[in-house]
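Subject: Structure handover

Dear colleague,

Here is the structure I promised to pass on to you, with the sequence alongside. Please open it first, and then read the notes below with the coordinates on your screen.

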Amino acid sequence: MVERYDIVVIGAGPGGYVSAIKAAKLGKSAAIIENRRAGGTCLNRGCIPTKAMLHAAEVYREALEGEKFGIKVDGASFDYSKICEYRESTIDQLVGGVDALLKGNGVAVYNGTGRLMPDKTVEIESEGGTEIISGENIVIATGSVPSIPPIEGADLEGVVTSDGLFAAEEMPASLVIIGGGVIGTEFAEALSALGCKITIIEALSRPLANMDKDISQNLKMILKKRGVDLHVSAMVNKIEKTETGLRCIFTEKDKEQSVEAEMILCAAGRRANTEGLIGEGLEIAMDRGRIIVNERLETSIPGVYAIGDVIPGIQLAHVAEAEGVFVAEEIAGETPSINLGIVPSCVYTSPEIGCVGMTDAEAKEAGIDVNVGKFLMSANGKSLIAAEERGFIKIVAEAATGKILGAQMMCGRATDMIGEFVTAIANEMTVEDMLRGMRAHPTYNEGIGEALEDIVGGAIHAMPKRKKH
Ligand code: FAD
Ligand code: NAD
């Protein structure tokens, strides 16, 4: 007999497992199919391992730079294999937590590879054989895998993706990173702090090109200070093997150049994971390899939904999770509780980067008249105590109403503080609303108050702006 569920989820990443658990909490019978470990890219090969590496690297850098606080650490050193052990044990704890949550909420877990078949059935292939289950609703949450740009030599040994870099037992002494996006900058931050010589080759004119220009500008300076060699508007032509490692040949400003390194990391984006997913005879609408969905996240097949990295849009764990909740609520006939249009983006460099909503340039392009408040964190007490690198908080508000449209920040705890603006935008709050509550002292958070004050009349802890004559 074919086992039947209210909801069958394919893929137990942050999109899939959250969706299955939420559906179970809403009283639906739920099953989830996973062919690797629960937690998906995020827990096993993405967010968590990078942040663990970044944390270890930060601890090491602080030990080396402790003298500025009067702390002298003689002979500070690290053991890369121990850093990897700490990273893996953090992952294990979190994966164990997801397994326990699935079980505790009564979600049926199938270990195997799911394939969507006609009539909302799913074929599961595992070592034990093949079985079929069916769902009143199916949710595709199969995520993404690294995409490797079509560069001659990209298949050479030593050319890796983020998956390969995590698998490496030793840290390379030198690394060329193709792509100055989020993965590129986070690995550059972590490994440069551990002494790896990093070169970034980015095709666009600045790193993190989809973020505010001030962020890219600050990041460029910080990377330079860390000894990272950054090449922008640069195209990789080919990769060659040398006696000691690899040579990456690229063109920058019409000039061919080359750089040698022990390893090359391809961090040039990720593609949807749909390999073998759709059974013979079934058709599902796709755009450039990603599954197309409507505003209810339903695919071209009625009753089949898709969420997370496998659909068009920004590929982030919290987006996948929010879409997982949205779909579960939709299926259970509840009113969706999360606004999927307001997405915070964070980069875990030092200082951290947090963004949400519109930049002033985007507002201008959209023809919206805005006021921009900015506060330099060099005047923030907490930033000075922590001897933070140069940082800022920028707020974009609609001129006519004071409504918050966006915020961009690069400073300590930016990845936590950006949440204040997500809540503000989701609830259509104004600058005045945000100024009503006081902020604790001394905190990075005070910088938000100062940037808001800059809109209404000038930040308290900043010199008045000179009037133009
Ligand atoms: P995934 O997490 O990719 O999960 C999909 C799951 O489906 C996988 O477990 C896979 O094994 C399984 N699967 C696939 N096909 C099948 C099948 N046919 N049958 C059964 N199972 C299947 N995002 C952030 O928000 N913050 C970060 O700090 C961050 N850092 C990142 C760092 C790196 C290095 C990388 C690579 C990504 C990072 N991301 C980050 C992105 C984040 O990991 C993804 O956006 C997120 O994991 C997507 O979730 P998902 O559920 O859609 O897919
Ligand atoms: P990305 O899209 O952020 O950056 C890829 C970069 O590579 C772009 O700047 C692009 O211009 C450049 N590029 C592409 N082809 C190139 C080439 N041939 N030569 C030189 N440069 C080239 O993608 P990513 O950094 O690979 O990250 C993948 C996904 O993972 C992203 O969608 C991101 O949201 C997610 N992620 C998020 C976090 C986070 O939230 N902190 C961290 C890591 C990854």
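**Backbone points to look at**

Leucine 297 lies in the loop between strand S18 (290–291) and strand S19 (304–306). Please keep in mind, here and throughout, that this is a predicted model. The phi angle of leucine 297 is near 65°, which is a positive value in a residue other than glycine, and at 6% relative accessibility leucine 297 counts as buried, since buried means under 20%. Alanine 387 likewise is not a glycine and has a positive phi, of about 50°; this residue sits in the loop between helix H10 (381–385) and strand S23 (392–398), and with a relative accessibility of 32% alanine 387 counts as partly exposed.

Two peptide bonds also deserve your attention. The bond from serine 350 to proline 351 is cis, with omega near 0°, and proline 351 belongs to the loop between strand S20 (345–347) and strand S21 (352–357). The bond from histidine 441 to proline 442 is cis as well, with omega near -10°, and proline 442 is placed in the loop that runs between helix H12 (431–435) and helix H13 (446–456). As background for these four places, most residues other than glycine have a negative phi, and most peptide bonds are trans.

**The chain as a whole**

The secondary structure of the chain comes to 13 helices and 24 strands. For 469 residues, a compact globule would be expected to have a radius of gyration near 23 Å, and the chain, at 24 Å, agrees with that. Along its principal axes, the C-alpha trace spans about 80 × 65 × 45 Å. Buried residues account for 51% of the 469 residues, while the chain exposes about 22,800 Å², of which carbon and sulfur atoms supply 50%. Of the contacts in the chain with a separation of 6 or more, 62% are between residues 24 or more positions apart.

**Aromatic rings**

A search of the whole structure finds three aromatic pairs, and I describe two here. The rings of tyrosine 60 and phenylalanine 78 have their centres 5.0 Å apart and their planes at 75°, so the pair is edge-to-face. Because tyrosine 60 lies in helix H3 (residues 47–64) and phenylalanine 78 in the loop between H3 and helix H4 (80–104), the pair ties together parts that are 18 residues apart in sequence. Tyrosine 60 counts as buried, at 16% relative accessibility, whereas phenylalanine 78, at 31%, counts as partly exposed.

In the other pair, phenylalanine 166 and phenylalanine 187 have ring centres 5.4 Å apart and planes at 50°, so the pair is tilted. This pair links distant parts of the chain, with phenylalanine 166 in helix H5 (residues 162–167) and phenylalanine 187 in helix H6 (residues 182–193), 21 residues apart. Phenylalanine 166 is buried, with a relative accessible area of 9%, and phenylalanine 187 is buried too, with 5%.

A further ring has a charged partner: lysine 374 lies over the face of phenylalanine 392, at 4.8 Å from the ring centre.

**Cysteines**

How many disulfides does a search of the whole structure find? The search finds zero. A disulfide is a covalent bond between the sulfur atoms of two cysteines, and two cysteines show how the distances stand. For cysteine 84, the closest cysteine sulfur is in cysteine 196, 13 Å away and therefore too far for a bond; cysteine 84 is itself buried, with a relative accessible area of 10%. For cysteine 355, the closest cysteine sulfur is that of cysteine 346, and at 7.7 Å this is too far for a bond as well. Cysteine 355 is also buried, with a relative accessible area of 9%.

**A buried asparagine**

Finally, please look at asparagine 137, which is found in strand S6 (residues 129–140) and is buried, with a relative accessible area of 12%. Leaving aside residues up to four places away in sequence, asparagine 137 touches Asp6, Ile7, Val8, Gly303, Tyr305 and Ile331.

With best regards

Conventions. Residues are numbered from 1 along each chain as its sequence is written. Chains are lettered from A and ligands numbered from 1 in the order in which they are written. This is a predicted model: local features need pLDDT of at least 70, side-chain atom pairs count only at pLDDT 80 or more; totals for chains, interfaces and linings use all residues. Side-chain values use heavy atoms; hydrogens and water are left out. Rings of Phe, Tyr and Trp (its six-membered ring) pair if their centres lie within 6.5 Å; planes under 30 degrees apart count as stacked, over 60 as edge-to-face and the rest as tilted. Helices (H or I, at least four residues) and strands (E, at least two) are DSSP runs, numbered from the N terminus. Buried means under 20% relative accessible area, exposed over 50%, partly exposed in between (1.4 Å probe, protein chains only). A charge sits over a ring if NZ of Lys or CZ of Arg is within 6 Å of the ring centre and within 35 degrees of the ring normal. The radius of gyration is taken over C-alpha atoms; the globule rule is 2.2 Å times the number of residues to the power 0.38. Contact means heavy atoms within 4.5 Å. Accessible areas come from the Shrake-Rupley method with a 1.4 Å probe; for residues, only the protein chains shown count as cover. A disulfide is a pair of cysteine sulfur atoms within 2.5 Å.
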